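User: Please take a close look at one buried acidic side chain and its surroundings. Keep it brisk, and give the cut-offs.

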Amino acid sequence: MKSVKRLVDELGLPKNRVKVKDQRLNVAEFSKKLCEVIKASLSDVKDTMSIVDMVGKAVELGLSVDESKTEAQRKAAEDFAIEIAEQTIPDYKKQQLPLQGDKWKRLSQLQMEEWRLNKVGVLEMEVNATQLQAEQLKIRREQNSRTPSTAMKSFIQHLHKCEKEKRDFLLKWMKLKLNAHSRTKMVELRHKFKEQCKKKDVKLIAELDRALVDSSLGTEHYMREMGLIYEFSTSSSTADEISQLPGLAAEMLLDGYPLELLDGDASNVPERWVTDVLMELHKKVGQRSRLLVLTVLGVQSTEGLKSPDLAQLEDSYEHDNQLATFVIGLSDVTIINIAMENSTEMKDVLQTAIYTLLRMKMSSKKPVCHFVHQNVAGVSAQTKNMTERKNLLDQLNEMTQIAAQMEKKPSIKEFTDVLDYDMDKNNWNIPGLWHGTPPMAPVNTGYSEAVAHFKRNLLQTVKKEKLREFSQIPEFLEWMKSLWRAVKCENFIFSFRNTLVSHAFNNLCKEFSQCDWVFRKEILSWQTQAESDILYEHSQSDTEAWNTLVSAKRIEASEQIETQERKVKEKLNNYCSKKRKTSTSDRGLHH
């Protein structure tokens with residue numbers, strides 16, 4: 001208190017500007033009085049200014065201000081923002097970032113269809129594949145004929161001419177300006193999206209999901225467009241400038257900026273661009289590159305794996321399963337991020353990824369797998385957590401056995417035969433970030449401590465790993481291409497929610513095949529006898545009797561088909577009823 005009084009005297013503060021908490025006063029009442037004092041003091045302030053407008057004053061006071069050094073970069077970012085503000089973001093993207101639009105998405109779809117047809121290899125399919133190739137070539141020519149937009153020319157020129165520090169400032173300014181511009185629209189769309197998720201209107205949810213993707217705009221979209229400019233380029237007047245793009249992107253990688261391998265919006269990998277950027281990086285490090293691929297897989301929103309709200313959309317499972325398989329297949333270490341509310345969806349995706357890796361014969365690479373359980377209340381409840389871990393592993397083991405059985409791989413018996421996982425060492429419980437409900441809730445220090453402990457352990461494990469040979473960039477690229485080709489060829493398992501669903505469908509197909517065979521055999525047997533009867537009657541040269549027999553056989557044919565159809569339906573209904581009873585019994589035993 002003495003130091004406070006001395007400070008008041010030195011600054012000459014009036015007594016009404018000083019509040020001392022009486023010990024008899026509780027915190028709530030003191031806070032109320034403090035707010036009153038602050039309001040009273042602010043009422044006397046005539047001139048106000050924003051933090052941005054205080055730059056000049058800060059420089060006068062001798063403070064170091066970034067803005068004074070980066071005026072050119074701020075101006076460049078503002079020019080982008082002004083151009084964007086003149087129209088809607090979807091319209092801006094169509095005009096200034098056209099290569100990542102519908103044509104790119106259509107090309108991705110065509111490539112996927114072609115690979116899947118080639119896998120089948122039937123002559124009729126080969127004809128369709130030729131048609132798909134022709135459409136792909138047409139799209140590539142259209143994409144190649146586009147000259148870079150004014151926004152992309154400006155963006156690339158700024159990146160080229162700026163040294164590292166100025167390039168960093170430009171991208172940070174752009175990020176701030178783009179976020180500020182899109183924030184209002186995105187908040188409105190997210191609110192509508194949440195409302196429709198409650199109403200479960202699938203059509204409107206799909207439209208709003210598309211609108212959210214179309215209305216998002218960040219520096220990553222400019223980097224994606226830059227990659228596609230290179231991906232579709234051939235010899236042209238601007239070839240020299242375009243040929244320098246991989247080197248520029250490699251420099252930015254060394255500076256800490258990310259490189260997008262898989263375009264999640266289009267579900268495609270621009271292989272030429274990714275390959276040339278990483279090979280440039282390989283050269284810049286003296287061809288002594290060593291890669292440790294660390295990936296995080298978890299349920300998110302419109303990016304990454306879909307939330308439960310989007311699981312009802314038509315292509316949601318295929319999107320998630322493709323992404324999960326690609327991510328796990330590339331990894332040396334995979335972190336499976338499971339929030340308590342999304343654990344079922346995450347297990348479904350993981351099951352399908354395991355099945356697909358087995359199906360594609362890609363299981364020779366065995367990533368280390370860590371499970372991070374988020375929002376775990378009461379981390380100290382070790383017994384309960386151990387039980388949940390054991391249940392999770394039992395379920396994954398069961399799904400792995402089913403997948404191995406379907407793919408005729410008897411050597412695969414457990415989840416750990418596919419992914420390197422230790423139930424005791426590779427499970428991490430992370431408490432919630434907040435104590436209570438934001439924005440007034442304090443930060444939970446246990447969250448930071450748990451994350452730091454996990455990070456420290458992860459780094460130590462990697463350093464101790466002497467047996468694992470980390471791949472160089474050329475090896476990684478070959479693996480990435482072969483994995484992506486395998487993912488593109490796969491279409492059966494991706495369309496199912498999880499291994500149990502695909503297993504049930506597979507068994508149903510077998511049952512139906514047997515019914516179909518019996519149906520055909522009975523009808524063929526009847527048809528053979530009917531033909532014999534008709535031919536015999538015809539040989540007797542009695543036209544009227546022959547016509548009568550033919551009419552009778554037509555009626556009998558319809559009756560035979562109806563009878564056999566009824567038997568097939570009864571058999572399939574009995575099969576499904578039996579399976580439902582078995583499933584219910586199994587769930588009771590598991591509980």
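Analyst:
**Asp263 and its contacts**

The side chain of Asp263 reaches the backbone nitrogen of Asp265 at 2.9 Å. This is a predicted model, where local features need pLDDT of at least 70, side-chain atom pairs count only at pLDDT 80 or more, and totals for chains, interfaces and linings use all residues. Residues are numbered from 1 along each chain as its sequence is written, and side-chain values use heavy atoms, with hydrogens and water left out.

Asp263 sits in the loop between helix H13 (245-254) and helix H14 (271-284). Helices here are DSSP runs (H or I, at least four residues), numbered from the N terminus, as are strands (E, at least two).

Asp263 counts as buried because its relative accessibility is 2%. Buried means under 20% relative accessible area, exposed over 50%, partly exposed in between (1.4 Å probe, protein chains only).

A second partner is a side chain: Asp263 makes a polar contact with the side chain of Trp104 at 2.8 Å. A polar contact is a pair of N or O atoms within 3.5 Å; within protein, one must be able to donate a hydrogen and the other to accept it, and residues adjacent in sequence count only if both atoms are side-chain atoms.

Leaving aside residues up to four places away in sequence, Asp263 touches Trp104, Arg224 and Asn268. Contact means heavy atoms within 4.5 Å.

Trp104 thus appears twice: in the polar contact and among the touching residues. In short, Asp263 is a buried loop residue, and its side chain reaches both the Trp104 side chain and the Asp265 backbone nitrogen.
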